[in-house]
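Student: Please take me through one loop of this model in close detail, and then on to the cores and the surface.

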Amino acid sequence: MLGRISLKLPNQFPFPRALLSSHRAPTRRRLLQLRRLMASPTAGDAPLAAPAPAADAPPAAAAAAAAAVPDPDAEFGFQRAELGKEKLAGTVGFYERHVFLCYKGPDVWPSHLEAAESDRLPRLLAAAIRARKANLKKSIKLTICEGEDGTESSNGDVLIFPDMIRYKGLTHFDVENFVEEVLVKDTEWLPGSPEAMSGSYVFVCAHGSRDKRCGVCGPALIKSFKEEINEAGLSGQVTVSGCSHVGGHKYAGNVIIFSSGAKGEVTGHWYGYVVPDDVPVLMHQHIGQGEVVYPLWRGQMGLSEEQQKQALEEYHSTVNMTNGAKETGTDGASCNPAAAGGCCQGNGGFTCCQTGLLDEKQDKSVAAELNQKSSEMENDKESGAGSRKGCPMPTWFETWERADTYAALAVVAAAATVFVAFRVYKNLN
(Lines give C-alpha, C1' and ligand atoms only; values in the text may rest on other atoms or scores of the structure.)
Protein backbone atom coordinates (compact mmCIF):
# COMPACT_ATOMS: atom_id res chain seq x y z
CA MET A 1 0.00 0.00 0.00
CA LEU A 2 1.52 3.28 -1.08
CA GLY A 3 2.06 5.91 1.57
CA ARG A 4 0.58 9.33 1.48
CA ILE A 5 2.12 11.81 -0.98
CA SER A 6 2.33 15.38 0.21
CA LEU A 7 2.11 18.11 -2.40
CA LYS A 8 4.43 21.08 -1.83
CA LEU A 9 4.41 23.85 -4.42
CA PRO A 10 6.13 27.25 -4.51
CA ASN A 11 4.06 30.24 -3.57
CA GLN A 12 4.50 31.89 -7.02
CA PHE A 13 2.45 29.16 -8.76
CA PRO A 14 -0.93 30.69 -9.58
CA PHE A 15 -3.06 28.00 -7.98
CA PRO A 16 -6.13 28.81 -5.92
CA ARG A 17 -5.64 28.49 -2.20
CA ALA A 18 -8.50 26.03 -2.06
CA LEU A 19 -6.31 23.50 -3.84
CA LEU A 20 -3.27 24.17 -1.64
CA SER A 21 -4.91 24.38 1.76
CA SER A 22 -4.48 20.69 2.53
CA HIS A 23 -1.39 18.48 2.63
CA ARG A 24 -3.41 15.35 2.04
CA ALA A 25 -2.56 13.13 -0.92
CA PRO A 26 -4.22 14.67 -3.97
CA THR A 27 -7.16 12.78 -5.31
CA ARG A 28 -7.62 12.01 -9.02
CA ARG A 29 -10.02 14.94 -9.28
CA ARG A 30 -7.51 17.31 -7.74
CA LEU A 31 -4.74 16.12 -10.08
CA LEU A 32 -6.97 16.78 -13.07
CA GLN A 33 -7.70 20.26 -11.75
CA LEU A 34 -4.01 20.94 -11.32
CA ARG A 35 -3.24 19.78 -14.86
CA ARG A 36 -5.96 22.00 -16.31
CA LEU A 37 -4.58 24.99 -14.43
CA MET A 38 -1.02 24.29 -15.55
CA ALA A 39 -2.24 24.07 -19.16
CA SER A 40 -4.11 27.37 -18.94
CA PRO A 41 -2.75 30.59 -20.55
CA THR A 42 -1.99 32.03 -17.10
CA ALA A 43 0.62 29.35 -16.64
CA GLY A 44 2.57 30.58 -19.66
CA ASP A 45 1.07 28.43 -22.44
CA ALA A 46 -0.73 29.90 -25.45
CA PRO A 47 -4.31 28.78 -26.00
CA LEU A 48 -4.91 26.17 -28.68
CA ALA A 49 -7.62 28.27 -30.31
CA ALA A 50 -8.78 31.84 -30.17
CA PRO A 51 -11.31 32.34 -27.35
CA ALA A 52 -14.88 32.89 -28.42
CA PRO A 53 -15.98 36.51 -28.03
CA ALA A 54 -18.55 37.30 -25.39
CA ALA A 55 -22.17 37.55 -26.45
CA ASP A 56 -22.15 41.31 -25.84
CA ALA A 57 -18.75 41.89 -27.45
CA PRO A 58 -18.55 44.72 -30.02
CA PRO A 59 -18.55 43.75 -33.73
CA ALA A 60 -14.89 44.69 -34.11
CA ALA A 61 -13.89 42.27 -31.37
CA ALA A 62 -16.01 39.50 -32.90
CA ALA A 63 -14.44 40.10 -36.33
CA ALA A 64 -10.94 40.04 -34.84
CA ALA A 65 -11.69 36.77 -33.05
CA ALA A 66 -13.05 35.25 -36.26
CA ALA A 67 -9.99 36.38 -38.21
CA ALA A 68 -7.71 34.77 -35.64
CA VAL A 69 -9.16 31.33 -36.46
CA PRO A 70 -7.43 29.95 -39.61
CA ASP A 71 -9.61 29.01 -42.57
CA PRO A 72 -8.86 25.37 -43.53
CA ASP A 73 -10.03 25.86 -47.10
CA ALA A 74 -7.84 28.93 -47.62
CA GLU A 75 -4.80 27.19 -46.15
CA PHE A 76 -5.22 23.59 -47.30
CA GLY A 77 -8.29 23.44 -49.55
CA PHE A 78 -9.42 24.67 -52.93
CA GLN A 79 -8.73 28.34 -52.11
CA ARG A 80 -5.05 27.86 -51.23
CA ALA A 81 -2.62 30.07 -53.11
CA GLU A 82 -0.53 27.22 -54.55
CA LEU A 83 -3.46 25.58 -56.35
CA GLY A 84 -2.82 25.32 -60.09
CA LYS A 85 0.67 26.78 -59.96
CA GLU A 86 2.67 23.81 -61.27
CA LYS A 87 2.54 21.69 -64.41
CA LEU A 88 0.77 18.37 -63.96
CA ALA A 89 1.69 16.17 -66.92
CA GLY A 90 4.56 13.77 -66.15
CA THR A 91 4.03 13.62 -62.38
CA VAL A 92 2.97 9.94 -62.29
CA GLY A 93 5.65 7.29 -61.88
CA PHE A 94 5.66 4.33 -64.25
CA TYR A 95 3.72 1.24 -63.16
CA GLU A 96 1.66 -1.42 -64.96
CA ARG A 97 -0.77 -2.80 -62.39
CA HIS A 98 -2.62 -1.08 -59.56
CA VAL A 99 -3.64 -3.10 -56.50
CA PHE A 100 -6.14 -1.63 -54.03
CA LEU A 101 -6.65 -3.20 -50.61
CA CYS A 102 -10.01 -2.34 -49.04
CA TYR A 103 -9.32 -1.59 -45.39
CA LYS A 104 -11.18 0.67 -42.92
CA GLY A 105 -11.45 4.40 -43.71
CA PRO A 106 -9.46 7.64 -43.99
CA ASP A 107 -10.58 8.83 -40.56
CA VAL A 108 -8.60 6.03 -38.86
CA TRP A 109 -5.68 5.57 -41.26
CA PRO A 110 -2.31 6.44 -39.70
CA SER A 111 0.20 8.53 -41.61
CA HIS A 112 2.14 5.55 -42.98
CA LEU A 113 -0.50 2.86 -43.16
CA GLU A 114 1.67 0.30 -44.96
CA ALA A 115 4.19 0.37 -42.09
CA ALA A 116 1.86 0.63 -39.10
CA GLU A 117 2.27 -2.15 -36.54
CA SER A 118 -1.36 -1.85 -35.50
CA ASP A 119 -2.64 -2.47 -39.03
CA ARG A 120 -1.28 -5.89 -39.81
CA LEU A 121 -2.97 -6.66 -43.13
CA PRO A 122 -1.77 -3.58 -45.07
CA ARG A 123 1.69 -3.88 -43.56
CA LEU A 124 2.10 -7.56 -44.47
CA LEU A 125 0.75 -7.11 -47.99
CA ALA A 126 3.08 -4.18 -48.66
CA ALA A 127 6.04 -6.14 -47.29
CA ALA A 128 5.22 -9.23 -49.38
CA ILE A 129 4.95 -7.20 -52.60
CA ARG A 130 8.19 -5.40 -51.80
CA ALA A 131 9.99 -8.71 -51.08
CA ARG A 132 8.93 -10.22 -54.43
CA LYS A 133 9.43 -7.07 -56.48
CA ALA A 134 12.10 -8.64 -58.68
CA ASN A 135 9.82 -11.57 -59.54
CA LEU A 136 6.63 -9.68 -60.32
CA LYS A 137 5.19 -10.12 -63.81
CA LYS A 138 4.25 -6.42 -63.87
CA SER A 139 5.38 -3.45 -61.82
CA ILE A 140 2.79 -2.85 -59.11
CA LYS A 141 1.52 0.12 -57.14
CA LEU A 142 -0.28 -0.67 -53.88
CA THR A 143 -2.89 1.71 -52.48
CA ILE A 144 -5.40 1.37 -49.64
CA CYS A 145 -9.04 2.23 -50.30
CA GLU A 146 -12.07 2.42 -48.06
CA GLY A 147 -13.45 -0.88 -46.78
CA GLU A 148 -16.49 -1.62 -44.69
CA ASP A 149 -17.75 -5.07 -43.76
CA GLY A 150 -21.09 -5.98 -45.26
CA THR A 151 -20.68 -3.70 -48.29
CA GLU A 152 -19.47 -4.23 -51.84
CA SER A 153 -15.94 -3.39 -50.68
CA SER A 154 -15.47 -5.21 -47.37
CA ASN A 155 -12.28 -5.21 -45.32
CA GLY A 156 -9.76 -7.52 -46.96
CA ASP A 157 -11.12 -7.27 -50.50
CA VAL A 158 -8.48 -6.72 -53.18
CA LEU A 159 -9.19 -4.84 -56.42
CA ILE A 160 -6.75 -5.25 -59.31
CA PHE A 161 -6.57 -2.87 -62.30
CA PRO A 162 -6.52 -2.94 -65.29
CA ASP A 163 -7.42 -6.62 -64.86
CA MET A 164 -10.79 -5.53 -63.44
CA ILE A 165 -10.97 -8.40 -60.95
CA ARG A 166 -11.81 -8.55 -57.25
CA TYR A 167 -10.68 -11.08 -54.64
CA LYS A 168 -12.80 -11.26 -51.51
CA GLY A 169 -11.69 -11.63 -47.91
CA LEU A 170 -7.89 -11.59 -47.91
CA THR A 171 -6.49 -12.14 -44.40
CA HIS A 172 -3.00 -11.75 -43.02
CA PHE A 173 -2.63 -15.55 -43.04
CA ASP A 174 -3.01 -15.66 -46.84
CA VAL A 175 -0.91 -12.67 -47.87
CA GLU A 176 2.23 -14.48 -49.03
CA ASN A 177 0.27 -17.14 -50.92
CA PHE A 178 -1.87 -14.46 -52.58
CA VAL A 179 1.14 -12.46 -53.74
CA GLU A 180 2.87 -15.59 -55.04
CA GLU A 181 -0.10 -16.96 -57.00
CA VAL A 182 -1.74 -13.79 -58.30
CA LEU A 183 1.00 -11.18 -58.60
CA VAL A 184 4.10 -13.30 -59.22
CA LYS A 185 2.77 -16.30 -61.16
CA ASP A 186 -0.17 -14.37 -62.62
CA THR A 187 -2.59 -17.19 -61.89
CA GLU A 188 -5.72 -17.48 -59.76
CA TRP A 189 -5.59 -17.53 -55.97
CA LEU A 190 -6.99 -20.93 -55.08
CA PRO A 191 -8.59 -20.11 -51.68
CA GLY A 192 -10.65 -17.44 -53.40
CA SER A 193 -12.14 -16.97 -56.83
CA PRO A 194 -11.74 -13.77 -58.83
CA GLU A 195 -14.87 -11.76 -59.49
CA ALA A 196 -15.07 -9.75 -62.70
CA MET A 197 -15.71 -6.03 -62.17
CA SER A 198 -17.45 -3.70 -64.58
CA GLY A 199 -18.12 -0.02 -64.87
CA SER A 200 -15.86 2.85 -63.83
CA TYR A 201 -13.98 3.29 -60.55
CA VAL A 202 -12.96 6.64 -59.11
CA PHE A 203 -10.43 6.91 -56.28
CA VAL A 204 -9.87 10.20 -54.45
CA CYS A 205 -6.94 10.69 -52.09
CA ALA A 206 -8.42 11.55 -48.68
CA HIS A 207 -5.44 10.56 -46.50
CA GLY A 208 -5.65 13.48 -44.08
CA SER A 209 -3.13 12.16 -41.56
CA ARG A 210 -0.51 12.06 -44.33
CA ASP A 211 -1.21 15.55 -45.67
CA LYS A 212 -3.85 18.08 -44.62
CA ARG A 213 -4.50 19.18 -48.20
CA CYS A 214 -5.76 15.72 -49.11
CA GLY A 215 -7.73 15.61 -45.88
CA VAL A 216 -9.58 18.80 -46.77
CA CYS A 217 -9.99 18.35 -50.54
CA GLY A 218 -10.62 14.60 -50.65
CA PRO A 219 -13.90 14.35 -48.70
CA ALA A 220 -15.38 17.32 -50.56
CA LEU A 221 -14.59 15.73 -53.94
CA ILE A 222 -15.98 12.36 -52.85
CA LYS A 223 -19.21 14.08 -51.86
CA SER A 224 -19.39 15.87 -55.22
CA PHE A 225 -18.79 12.63 -57.15
CA LYS A 226 -21.49 10.80 -55.19
CA GLU A 227 -23.98 13.59 -55.78
CA GLU A 228 -23.22 13.64 -59.49
CA ILE A 229 -23.49 9.85 -59.71
CA ASN A 230 -26.86 9.83 -57.96
CA GLU A 231 -28.25 12.66 -60.08
CA ALA A 232 -27.18 10.87 -63.27
CA GLY A 233 -28.60 7.54 -62.10
CA LEU A 234 -25.21 5.80 -62.37
CA SER A 235 -25.07 4.20 -58.92
CA GLY A 236 -24.42 0.74 -60.32
CA GLN A 237 -22.04 1.88 -63.04
CA VAL A 238 -19.66 4.32 -61.35
CA THR A 239 -18.06 3.70 -57.94
CA VAL A 240 -16.18 6.34 -55.94
CA SER A 241 -13.98 5.65 -52.92
CA GLY A 242 -11.47 7.47 -50.76
CA CYS A 243 -7.92 6.12 -50.94
CA SER A 244 -4.59 6.51 -49.19
CA HIS A 245 -1.54 8.46 -50.29
CA VAL A 246 -0.90 8.27 -54.05
CA GLY A 247 1.95 10.78 -54.31
CA GLY A 248 1.93 14.50 -55.05
CA HIS A 249 0.09 15.99 -52.07
CA LYS A 250 0.59 19.47 -53.49
CA TYR A 251 -1.62 18.53 -56.44
CA ALA A 252 -4.65 17.87 -54.20
CA GLY A 253 -7.37 17.17 -55.05
CA ASN A 254 -5.89 14.02 -56.52
CA VAL A 255 -8.22 11.73 -58.48
CA ILE A 256 -7.58 8.42 -60.26
CA ILE A 257 -10.16 7.08 -62.72
CA PHE A 258 -10.22 3.55 -64.11
CA SER A 259 -12.65 3.20 -66.99
CA SER A 260 -12.89 1.97 -70.56
CA GLY A 261 -11.29 4.19 -73.17
CA ALA A 262 -12.42 4.94 -76.72
CA LYS A 263 -11.14 1.53 -77.89
CA GLY A 264 -12.68 -0.37 -74.97
CA GLU A 265 -9.48 -1.02 -73.04
CA VAL A 266 -9.36 -0.17 -69.32
CA THR A 267 -6.82 2.50 -68.45
CA GLY A 268 -5.97 4.39 -65.29
CA HIS A 269 -5.68 8.18 -65.54
CA TRP A 270 -4.53 10.54 -62.81
CA TYR A 271 -5.85 14.06 -62.34
CA GLY A 272 -4.63 16.85 -60.08
CA TYR A 273 -5.83 20.25 -58.86
CA VAL A 274 -9.38 18.90 -59.17
CA VAL A 275 -12.07 21.07 -57.55
CA PRO A 276 -15.77 20.22 -57.09
CA ASP A 277 -16.72 22.23 -60.19
CA ASP A 278 -14.55 19.87 -62.27
CA VAL A 279 -16.44 16.75 -61.20
CA PRO A 280 -19.25 17.06 -63.80
CA VAL A 281 -16.61 17.53 -66.52
CA LEU A 282 -14.73 14.39 -65.50
CA MET A 283 -17.98 12.47 -65.28
CA HIS A 284 -19.21 13.60 -68.69
CA GLN A 285 -16.03 13.80 -70.74
CA HIS A 286 -13.79 11.11 -69.24
CA ILE A 287 -16.25 8.52 -67.93
CA GLY A 288 -19.08 9.26 -70.34
CA GLN A 289 -17.14 9.85 -73.55
CA GLY A 290 -13.79 8.19 -72.86
CA GLU A 291 -11.86 11.40 -73.51
CA VAL A 292 -8.99 12.64 -71.35
CA VAL A 293 -9.37 16.04 -69.68
CA TYR A 294 -5.83 17.19 -70.39
CA PRO A 295 -5.79 20.51 -68.45
CA LEU A 296 -6.17 18.49 -65.22
CA TRP A 297 -4.23 15.43 -66.40
CA ARG A 298 -1.23 14.21 -64.38
CA GLY A 299 -0.50 11.03 -66.30
CA GLN A 300 -1.54 7.50 -67.11
CA MET A 301 -0.78 4.05 -65.79
CA GLY A 302 1.63 2.30 -68.15
CA LEU A 303 3.30 5.47 -69.47
CA SER A 304 6.67 6.83 -68.46
CA GLU A 305 7.00 10.44 -67.35
CA GLU A 306 8.46 11.40 -70.74
CA GLN A 307 5.62 9.67 -72.58
CA GLN A 308 3.12 11.55 -70.45
CA LYS A 309 4.71 14.88 -71.33
CA GLN A 310 4.84 13.90 -74.99
CA ALA A 311 1.14 13.00 -74.93
CA LEU A 312 0.33 16.48 -73.60
CA GLU A 313 2.48 18.12 -76.30
CA GLU A 314 0.68 16.14 -78.99
CA TYR A 315 -2.64 17.24 -77.55
CA HIS A 316 -1.59 20.90 -77.63
CA SER A 317 -0.32 20.52 -81.20
CA THR A 318 -3.65 19.09 -82.27
CA VAL A 319 -5.53 21.90 -80.54
CA ASN A 320 -3.31 24.55 -82.15
CA MET A 321 -3.75 23.02 -85.61
CA THR A 322 -7.51 22.92 -85.12
CA ASN A 323 -7.61 26.51 -83.96
CA GLY A 324 -5.44 27.59 -86.90
CA ALA A 325 -7.71 25.80 -89.34
CA LYS A 326 -10.71 27.55 -87.84
CA GLU A 327 -9.11 30.97 -88.28
CA THR A 328 -8.30 30.33 -91.96
CA GLY A 329 -11.74 28.85 -92.60
CA THR A 330 -10.39 25.55 -93.96
CA ASP A 331 -11.86 23.41 -91.22
CA GLY A 332 -15.45 22.32 -91.64
CA ALA A 333 -15.89 22.47 -87.86
CA SER A 334 -15.75 26.26 -88.07
CA CYS A 335 -19.18 26.16 -89.70
CA ASN A 336 -20.58 24.54 -86.56
CA PRO A 337 -19.28 25.94 -83.26
CA ALA A 338 -20.67 22.97 -81.33
CA ALA A 339 -18.47 20.61 -83.34
CA ALA A 340 -15.32 22.53 -82.61
CA GLY A 341 -14.62 20.92 -79.24
CA GLY A 342 -14.25 22.74 -75.95
CA CYS A 343 -12.66 25.67 -74.16
CA CYS A 344 -10.41 24.20 -71.49
CA GLN A 345 -8.13 26.32 -69.38
CA GLY A 346 -4.46 25.44 -69.12
CA ASN A 347 -2.48 24.16 -66.16
CA GLY A 348 -2.33 27.67 -64.79
CA GLY A 349 -6.02 27.46 -63.96
CA PHE A 350 -7.92 24.89 -62.01
CA THR A 351 -11.17 24.35 -63.86
CA CYS A 352 -11.98 22.85 -67.22
CA CYS A 353 -15.05 23.28 -69.37
CA GLN A 354 -16.34 21.75 -72.60
CA THR A 355 -18.54 23.56 -75.12
CA GLY A 356 -22.03 22.13 -75.03
CA LEU A 357 -21.28 20.25 -71.77
CA LEU A 358 -22.43 22.63 -69.04
CA ASP A 359 -23.66 26.13 -69.87
CA GLU A 360 -22.57 27.52 -66.54
CA LYS A 361 -19.03 26.22 -67.03
CA GLN A 362 -18.48 27.74 -70.50
CA ASP A 363 -16.00 30.53 -70.98
CA LYS A 364 -18.01 33.77 -71.03
CA SER A 365 -16.25 35.26 -74.03
CA VAL A 366 -16.65 32.13 -76.12
CA ALA A 367 -20.28 31.74 -75.07
CA ALA A 368 -21.00 35.36 -76.01
CA GLU A 369 -19.34 34.93 -79.38
CA LEU A 370 -21.29 31.78 -80.12
CA ASN A 371 -24.55 33.44 -79.09
CA GLN A 372 -23.78 36.41 -81.33
CA LYS A 373 -23.08 34.13 -84.30
CA SER A 374 -26.28 32.22 -83.67
CA SER A 375 -28.29 35.46 -83.59
CA GLU A 376 -26.72 36.67 -86.84
CA MET A 377 -27.48 33.37 -88.55
CA GLU A 378 -31.11 33.51 -87.39
CA ASN A 379 -31.45 37.09 -88.69
CA ASP A 380 -30.02 36.09 -92.05
CA LYS A 381 -32.44 33.19 -92.33
CA GLU A 382 -35.40 35.46 -91.57
CA SER A 383 -34.30 38.05 -94.17
CA GLY A 384 -33.72 35.38 -96.83
CA ALA A 385 -30.01 36.15 -97.05
CA GLY A 386 -28.97 32.60 -96.29
CA SER A 387 -26.36 31.52 -93.76
CA ARG A 388 -23.43 33.56 -95.00
CA LYS A 389 -22.42 34.37 -91.38
CA GLY A 390 -21.88 30.71 -90.55
CA CYS A 391 -20.31 29.29 -93.73
CA PRO A 392 -19.54 31.90 -96.43
CA MET A 393 -21.21 31.23 -99.77
CA PRO A 394 -19.13 31.38 -103.00
CA THR A 395 -18.62 34.89 -104.42
CA TRP A 396 -20.14 35.98 -107.78
CA PHE A 397 -16.75 35.64 -109.43
CA GLU A 398 -16.39 32.05 -108.21
CA THR A 399 -19.94 31.33 -109.41
CA TRP A 400 -19.18 32.82 -112.86
CA GLU A 401 -15.99 30.81 -113.19
CA ARG A 402 -17.79 27.64 -112.27
CA ALA A 403 -20.60 28.30 -114.84
CA ASP A 404 -18.09 29.15 -117.57
CA THR A 405 -16.24 25.90 -116.94
CA TYR A 406 -19.43 23.89 -117.21
CA ALA A 407 -20.31 25.62 -120.54
CA ALA A 408 -16.88 24.85 -121.99
CA LEU A 409 -17.19 21.20 -121.03
CA ALA A 410 -20.63 21.07 -122.68
CA VAL A 411 -19.26 22.50 -125.97
CA VAL A 412 -16.40 19.99 -126.01
CA ALA A 413 -18.81 17.13 -125.37
CA ALA A 414 -21.13 18.29 -128.17
CA ALA A 415 -18.25 18.58 -130.64
CA ALA A 416 -17.07 15.11 -129.79
CA THR A 417 -20.57 13.75 -130.32
CA VAL A 418 -20.85 15.37 -133.77
CA PHE A 419 -17.44 14.07 -134.78
CA VAL A 420 -18.30 10.51 -133.76
CA ALA A 421 -21.65 10.66 -135.56
CA PHE A 422 -19.99 11.93 -138.75
CA ARG A 423 -17.45 9.11 -138.72
CA VAL A 424 -20.18 6.52 -138.28
CA TYR A 425 -22.21 8.03 -141.11
CA LYS A 426 -19.20 8.04 -143.46
CA ASN A 427 -18.34 4.41 -142.71
CA LEU A 428 -21.89 3.34 -143.42
CA ASN A 429 -21.85 5.04 -146.84
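Tutor: Helices (H or I, at least four residues) and strands (E, at least two) are DSSP runs, numbered from the N terminus. With that in hand, look at S244, which sits in the loop between β7 (238–243) and β8 (255–260). This is a predicted model, where local features need pLDDT of at least 70 and side-chain atom pairs count only at pLDDT 80 or more, while totals for chains, interfaces and linings use all residues. Residues are numbered from 1 along each chain as its sequence is written, and side-chain values use heavy atoms, leaving out hydrogens and water.

S244 counts as buried because its relative accessibility is 1% (buried is under 20%, exposed over 50%, partly exposed in between, with a 1.4 Å probe and protein chains only). Setting aside residues up to four places away in sequence, S244 touches W109, E114, T143, I144, C205 and H207 (contact means heavy atoms within 4.5 Å).

Now for the cores. The largest nonpolar core (buried Ala, Val, Leu, Ile, Met, Phe, Trp, Tyr and Cys joined through side-chain atoms within 4.5 Å) has 53 residues, and F161, V202, F203, F225, V255 and Y271 have the most contacts inside it. Helix α7 (residues 212–232) gives this core its largest share, six residues. Beyond its neighbours within four places in sequence, Y271 is in contact with residues including G253, N254, V255, L282, H286 and W297. I144, which S244 touches, belongs to a second, separate core of 26 residues that also includes L101, L170 and V179.

Finally, V424 lies in helix α11 (residues 396–428) and counts as partly exposed because its relative accessibility is 43%.
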